[in-house]
Amino acid sequence: MMVKPSPCHNLRGIKDMKMKSNSRKDFCAWFAKVELFVAFLSRGKGGVCSPTMLQSAVAVVAPGRTNSIIVGVAGLEAVLKVREARSVSACLTMPLATGGSRNVPPRTRGREARSKATASRSDCNRRQPLCAAPHPGPEAVVCRPHPAFTLVELLVVIAIIGMLVGLLLPAVQQAREAARQMQCSNHLRQMALASLNHEATHGYYPSGGWDDNWVGDPDCGFGSLQPGGWAFSLLPYLEQNALFQLGADQKFAEATTTQKEGVKQRLAVTVPLFNCPSRRAAILYPCRGVSGNGDSSVRLSPKTDYAGNCCNNNDERQGYSLTSDILPAIKNQTWTSGLVSKGVVSGLSAISNASIYDGTSNTYLIGEKYLQPENYYTDRNDSTNGADNEPLYTGADCDTLRYTSTIPIQDRSQYHNSISFGSSHAGVFGMAFCDGSVQRVSYSINSVTHYYLGNRDDGQAVLLQQ
């Protein structure tokens, strides 16, 4: 398309300008001619270039070249943006607006304009290159300034990210705690199912053992004859029979070398099932040595975060010392059970489903126990130890048995309590029932209801709120 130029402009010579090659040098020269013609057209209009002007310029320089016209029209916005952002307009128009060219006759003005434009173009190319790297085709790529962040924008972005992290972090922590609670409930459920298998096999739930001077002995079987606690009796029903059989030598409750070596090996193996993931990992912890049938030199052992329900007392024996005459009484079957404990698991216990008159779905079996956080990793054996200084498989002791005659408590520092249920979870703790179910119980449970749920034959109808 040909656009007739203004009569006051000398266009001779410009019309004959052609592109001879696709090289970068020829293309930049051709584009400079277009810029020169645009400058001529825009002089009389205050230096403002319109799309029509640019299209006319391209048509004059390269008549019949459709691609060139498209390039010119499509590149208009790029040229204008570059001129606004990087002051290219001054580079193009200043040589034409100075030097008194208005008084130059029309015939000589074209020659003057060409020389001035060439000088202006050389200066512009040194300061502000318009073309990018060599391009094989006639399509010019105009360089644009790279955007960047200001300091204020950067600070605002950082502040927004900080707010998002502050909002998301508690949600992530709650989600992780919910997952740990679910895993803890799964541990309780597995122990409850193992107890039901134990009851189905032997006719009674696992015994609480003898006392804290004894650990499990595979030669003593199950029930009241087993010196170890309920955790030891459950090992065969938790797919840990090999661990249960360590130290077996067919000698009943005797501290033989074989038994001591078996105890030592057993206490060196951790069972993650007995630890709450919210409280502590399944590793070896400092403990008190065992003097009965164990090795008193062993000072590291797995520990448990769960305890059996003994309701109001942790043993059922009467008239026997913990250390001197319990063994002869057990061997000779001369001890008399006074059934002091009203729970399901206690010292020398052998409670069957028939003895749970309140119903298995209304009676606690095993639950999470309270501990002081500062004693999670110690073996303190004093009034502040929180009852957590014995090995995992020890007999009847507050480390493995807890009462429902006291209210449950969430773990807290500097608060000594060695007989209550509780946990490190916020708001609730887990309890497994004798029917194999697991429920999360609130710390604010009514104390009477809590006691009735621990008593297997109180005859009271209770309803645990979900």
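**A walk along helix H7 and the sheet beneath**

Let's start with helix H7, residues 151-202: this 52-residue helix spans 75 Å from its first C-alpha to its last, close to the 76 Å expected at 1.5 Å a residue. Keep in mind that this is a predicted model. H7 does bend, by about 25° at Leu168, and a proline, Pro170, follows within four residues. Right after the helix comes Gly203, with a positive phi near 90°.

Which residues of H7 are buried? The list runs Glu177, Gln181, Cys184, Ser185, His187, Leu188, Met191, Ala192, Ala194, Ser195, His198 and Glu199. The cover over these buried residues includes helix H8 (230-234) along with strands E3 (306-311), E6 (364-368), E10 (428-433) and E11 (438-442).

Those four strands lead us to the sheet. It's an open, 5-stranded affair with mixed pairing, and its order is E7-E3-E6-E10-E11. At the edges sit E7 (401-403) and E11, each pairing on one side only. From one strand to the next, the twist averages 40°. As background, strands of a sheet pair through backbone hydrogen bonds, in either a parallel or an antiparallel way. For a concrete case here, take E6 and E10, which pair in the antiparallel sense over 3 bridges. If you want a residue pair to click on, Tyr364 has Phe433 in E10 as its bridge partner.

Now for the helices that pack on this sheet. H7 lies across E3, E6, E10 and E11, and runs at about 145° to E6. Helix H12 (residues 447-454) packs on the sheet too, touching E3, E6, E7 and E10, with its direction at about 90° to that of E3.

Next, the nonpolar interior. In soluble globular proteins, nonpolar side chains tend to be buried together. In this model the largest nonpolar core has 43 residues, and the members touching the most others are Met191, Trp230, Phe274, Tyr306, Leu365, Ile366 and Tyr393. H7, H8, helix H9 (241-244), E3, E6 and E7 each supply at least two residues of this core. Which element gives the most to the core? That's H7, with 5 residues. There is also a second, separate core of 12 residues, which includes Phe433, Tyr443, Leu453 and Val462. Phe433 is the bridge partner of Tyr364 that we met in E10.

Tyr393 deserves a look of its own. Not counting residues up to four places away in sequence, Tyr393 touches Trp214, Val215, Gly216, Gly228, Gly229, Ala231, Phe232, Leu235, Leu243, Arg266, Leu267 and Val271.

For another tyrosine, go to the loop between E6 and E7, where Tyr377 lies. Is Tyr377 buried or partly exposed? Its relative accessible area is 48%, so it counts as partly exposed; the buried class takes in values under 20% and the exposed class those over 50%. Leaving aside neighbours within four places in sequence, Tyr377 is in contact with Arg279, Arg280, Tyr285 and Pro286. Tyr377 and Asn389 are 12 residues apart in sequence, and their C-alpha atoms are 9.4 Å apart in space.

Finally, zoom out to the whole protein chain. It holds 12 helices and 11 strands. Of its 466 residues, 47% are buried. Among contacts between residues at least 6 apart in sequence, 67% join residues at least 24 apart.

Methods
Residues are numbered from 1 along each chain as its sequence is written. This is a predicted model: local features need pLDDT of at least 70, side-chain atom pairs count only at pLDDT 80 or more; totals for chains, interfaces and linings use all residues. Side-chain values use heavy atoms; hydrogens and water are left out. The expected span of a helix is 1.5 Å times one less than its number of residues. The bend at a residue is the angle between axes fitted to the seven residues ending there and the seven starting there. Buried means under 20% relative accessible area, exposed over 50%, partly exposed in between (1.4 Å probe, protein chains only). Contact means heavy atoms within 4.5 Å. Two strands pair if DSSP finds at least two bridges between them. Axes are lines fitted to C-alpha atoms, for helices over the stretch in contact, and angles run from 0 to 180 degrees between N-to-C directions. A nonpolar core is a set of buried Ala, Val, Leu, Ile, Met, Phe, Trp, Tyr and Cys residues joined through side-chain atoms within 4.5 Å.
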